Amino acid sequence: LKHSTELCNKVTGKGGFVKQELYCQLIRPLFGGIAIALSGHCGVINSLWSNTNSILTLDRFHMGGPNSLRGFQTNSLGPRDKDDCLGGKYISESGIQLSFPFSEATNKVVRGHLFFNAGILSDRLLPITSMKDHMHSSVGCGLGANLGGIRLELNACYPLPSQSQTNLNTASNGPSVQVGIGMDFL
């Protein structure tokens, strides 16, 4: 469980914000080296000034890519202006992953996994009844390697169709292979 608060108060009145994020992950062994992991990330960013447009695109939440919602191009989801991704003020991501060893010798270094990820990125709080229309999700399988504190993943991903994908370039968000290097994965 990890919580972070970021406070930015720029003197000009442009870009001042408070940003709250919560990350959680629960991993449980099942049997024979197989484990299940549930993870989530949610956050909100609010302007310190009355104009919500004063939050810079760089400071907003972004979603998509191997370190976020796998199967989509990096930072390709959420509010847009034509072809440009603007980021959002509210984010919610979750995932479930089933990991398994290939052999006893490689159990702690290289493991296979199956996953399902889902998330919503928006500029406004959404009623529960309309969340399914704004949700992005993907399924896939892959390999994960733990290399002394660094995690490397190679995934075959398939984004699942949703109502909100009509605004995306679906050709660039079709089945894909992604490589991710990092510390945080859903």
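**Figure 1. Ile150 and the nonpolar patch around it.** In this predicted model, Ile150 sits in strand β9 and counts as partly exposed, at 45% relative accessibility. Ile150 belongs to a nonpolar surface patch of about 800 Å². The other members to look for are Phe102, Val109, Leu143, Leu147, Leu152, Leu154, Val177 and Val179. Which strand gives the largest share of the patch? That's β9, with three residues. Strands β8 (136–147), β9 and β10 (176–182) each put in at least two. As background for reading β9, side chains in a regular strand alternate between the two faces of the sheet.

**Figure 2. Glu153 with its two arginines.** Stay in strand β9 (residues 150–160) for this one, since that's where Glu153 is found. Glu153 forms a salt bridge with Arg70, and their closest N and O atoms are 2.7 Å apart. This pair ties together distant parts of the chain: Arg70 comes from the loop between β3 and β4, 83 residues away from Glu153. Glu153 also has a salt bridge to Arg151, where the closest N and O atoms are 3.1 Å apart. With Glu153 as the shared partner, Arg70, Arg151 and Glu153 end up in one network. Are Arg70 and Glu153 buried or exposed? Arg70 has a relative accessible area of 0%, so it counts as buried. Glu153 comes in at 1%, so it is buried too. In general, side chains of opposite charge can pair when their charged atoms come close.

**Figure 3. Arg60 meets Asp123.** Here's another salt bridge, this time between the side chains of Arg60 and Asp123, at 2.7 Å from N to O. Where do the two residues come from? Arg60 is in the loop between β3 and β4 (80–81), while Asp123 is in the loop between β7 (110–122) and α1 (131–134). That puts them 63 residues apart, so to speak in distant parts of the chain. Arg60 has 10% relative accessibility, which is under the 20% limit, so it counts as buried. Asp123 is partly exposed, with a relative accessible area of 34%. The salt bridge count for the model comes to three.

**Figure 4. His41 in its pocket of contacts.** His41 is found in strand β3 (residues 35–47). What does the side chain of His41 pair up with? The side chain of Glu21, through a polar contact of 2.8 Å. Beyond its sequence neighbours within four places, His41 is in contact with Glu21, Leu22, Tyr23, Ile91, Ser92 and Glu93. Why does His41 count as buried? Because its relative accessible area is 8%, and anything under 20% goes in that class.

**Figure 5. Strands β1, β2 and β3 side by side.** Start with strand β1 (residues 2–8), which pairs with strand β2 (residues 17–29) in the antiparallel sense over seven bridges. To get your bearings, find Cys8, whose bridge partner in β2 is Phe17. Then move across to β3: how many bridges link β2 and β3? There are 13, again antiparallel. A handy marker here is Cys24, with Gly40 as its bridge partner in β3. β2 and β3 form a hairpin with five residues between them. In the turn, look for Gly32, which has a positive phi of about 55°.

**Figure 6. Leu56 across from Gly87.** Leu56 is another residue from the loop between β3 and β4. How far is Leu56 from Gly87 in sequence and in space? They're 31 residues apart along the chain and 9.1 Å apart in space, C-alpha to C-alpha. At 39% relative accessibility, Leu56 counts as partly exposed.

**Figure 7. Stepping back to the whole chain.** The close-ups above fit into a chain with one helix and ten strands. From the N terminus on, the order is β-β-β-β-β-β-β-α-β-β-β. Of the 186 residues, 41% count as buried. The accessible surface comes to about 10500 Å², and 61% of that belongs to carbon and sulfur atoms. Among the contacts with a separation of 6 or more, 60% are between residues 24 or more positions apart.

Definitions and conventions:
Residues numbered from 1 in each chain as written. Predicted model: local features only at pLDDT ≥ 70, side-chain atom pairs only at ≥ 80, totals over all residues. Heavy atoms only, no water. Helix = DSSP H or I, 4+ residues; strand = E, 2+ residues; numbered from the N terminus. Buried < 20%, exposed > 50% of the residue type's maximum accessible area, 1.4 Å probe, protein only. Polar contact = N/O pair within 3.5 Å; in protein donor to acceptor, adjacent residues only side chain to side chain. Contact = heavy atoms within 4.5 Å. Pairing = 2+ DSSP bridges. Areas by Shrake-Rupley, 256 points an atom, 1.4 Å probe, with all protein chains shown as cover. Salt bridge = Lys/Arg side-chain N within 4 Å of Asp/Glu carboxyl O. Patch = residues over 30% accessible without salt bridge, like charges linked within 9 Å, V, L, I, M, F, W, Y side chains within 5 Å.
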